[in-house]
Amino acid sequence: MLDKETNRNQTCGFIIRTVFITGLILGINVGSWASPQTGVEWPSALLQGLDKITARVSTIEAPLGLTVRFGTLDIVVKRCHKRPPEEPPETTAYIEIRERRQGENTQRLFSGWMFGSSPAVSAIEHPVYDVWVVDCIKVSSSE
C-alpha cells in the first residue's frame, strides 16, 4: 500500500513539474510573439494629447529621439513600430514623458511602450494631460 501511494506521489510530482516547465516554455514563446517590437520601425510618431482643462485635443508629430513639448510635458519617442498591412493592425511606440515646471526639478511621468489599439493599457497618470500614440509616420517635409 505504501509503495502505491509513493508511486502516485512521484507521478503527480512529475506531472506538475512537466506542466510547469511547459508553461514556462510556452510563456516565453508567447511573450516573444507579443513583443511590441514586431513590425517595421518608422522615423516619427504621431501622438495626440488632451488638455483636460481646455478640452482641446492636439496632434503632435514627434521625430525619434527629439524632445517635443506639450504644455508642461517634454515627450521623447525612442522607437515607433507599425505592423505590415498583411498583419492585424497595431502601432507601438516607446515613449518617455517628463514634466517640466518653471522653478522645479523635472519629474518623470512615464517611460514605456504605448499601444495604439489599447491606449488605456499604458497611460500616463497626470491631472491635466493625456497623451496617446496614434500612428507611426514618415518625417514631415514641411520644414
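**Reading a predicted model: rings, strands and confidence**

Biologist: What makes Lys82 count as lying over the face of Trp42?

Modeller: In this predicted model, Lys82 lies 4.5 Å from the ring centre of Trp42. The cut-off for a charge over a ring is 6 Å from the ring centre, with a further limit on the angle to the ring normal. The 4.5 Å value is within that distance, and Lys82 is listed as lying over the face of Trp42.

Biologist: How many aromatic pairs does a search of the whole structure find?

Modeller: The search finds 2 aromatic pairs. One of them is formed by Tyr94 and Trp113.

Biologist: Why is the pair of Tyr94 and Trp113 called edge-to-face?

Modeller: The ring centres are 5.6 Å apart and the planes meet at 75°. Pairing needs centres within 6.5 Å, and edge-to-face needs planes over 60 degrees apart, so both conditions hold.

Biologist: Which parts of the chain does this pair tie together?

Modeller: Tyr94 belongs to strand S6 and Trp113 to strand S7, so the pair links parts 19 residues apart in sequence. Strands S6 and S7 (residues 107-115) also run antiparallel, joined by 8 bridges. Within that pairing, Arg98 has Arg108 of S7 as its bridge partner. On S6 (residues 91-99) there is also an antiparallel pairing with S5 (residues 73-82), over 9 bridges. There His81 stands opposite Thr92 in S6.

Biologist: Are Tyr94 and Trp113 buried or exposed?

Modeller: Trp113 has 18% relative accessibility and counts as buried, since the limit for buried is under 20%. Tyr94, at 24%, counts as partly exposed, because that value falls between 20% and 50%.

Biologist: How do you know that S2 and S3 pair?

Modeller: Strand S2 (residues 44-51) and strand S3 (residues 56-63) share 8 bridges in the antiparallel sense. At least two bridges are required, so the pairing is accepted. Asp51 stands opposite Arg56 in S3. The two strands form a hairpin with 4 residues between them.

Biologist: What is notable about Ala55?

Modeller: Ala55 is not a glycine, yet its phi is positive, about 65°. Ala55 sits in the loop between S2 and S3. With a relative accessible area of 59%, Ala55 is exposed, as the limit for exposed is over 50%.

Biologist: What makes S3 and S8 the edge strands of their sheet?

Modeller: The open sheet has 3 strands in the order S3-S2-S8, with antiparallel pairing. S3 and S8 each pair on one side only. The average twist from one strand to the next is 25°. S2 pairs with S8 (residues 129-137) over 8 bridges, also antiparallel. In that pairing, Leu47 stands opposite Val133 and Ser44 opposite Ile137.

Biologist: How confident is the predictor in the chain and its elements?

Modeller: The chain averages a pLDDT of 80, and 70% of the residues score at least 70. Among the elements, strand S4 (residues 67-70) has the highest mean, 97, and helix H1 (residues 2-33) the lowest, 48. The pLDDT is below 50 over residues 23-35, a stretch with 1 contact in the model beyond near neighbours in sequence.

Biologist: Why should coordinates with low pLDDT be treated with caution?

Modeller: Predicted coordinates should not be read in detail where pLDDT is low.

Terms used
Residues numbered from 1 in each chain as written. Predicted model: local features only at pLDDT ≥ 70, side-chain atom pairs only at ≥ 80, totals over all residues. Heavy atoms only, no water. Phe/Tyr/Trp six-rings, centres within 6.5 Å; stacked < 30°, edge-to-face > 60°. Buried < 20%, exposed > 50% of the residue type's maximum accessible area, 1.4 Å probe, protein only. Lys NZ or Arg CZ within 6 Å of the ring centre and 35° of its normal. pLDDT = per-residue confidence, 0-100. Contact = heavy atoms within 4.5 Å. Axes fitted to C-alpha atoms, helices over the stretch in contact; angles between N-to-C directions.
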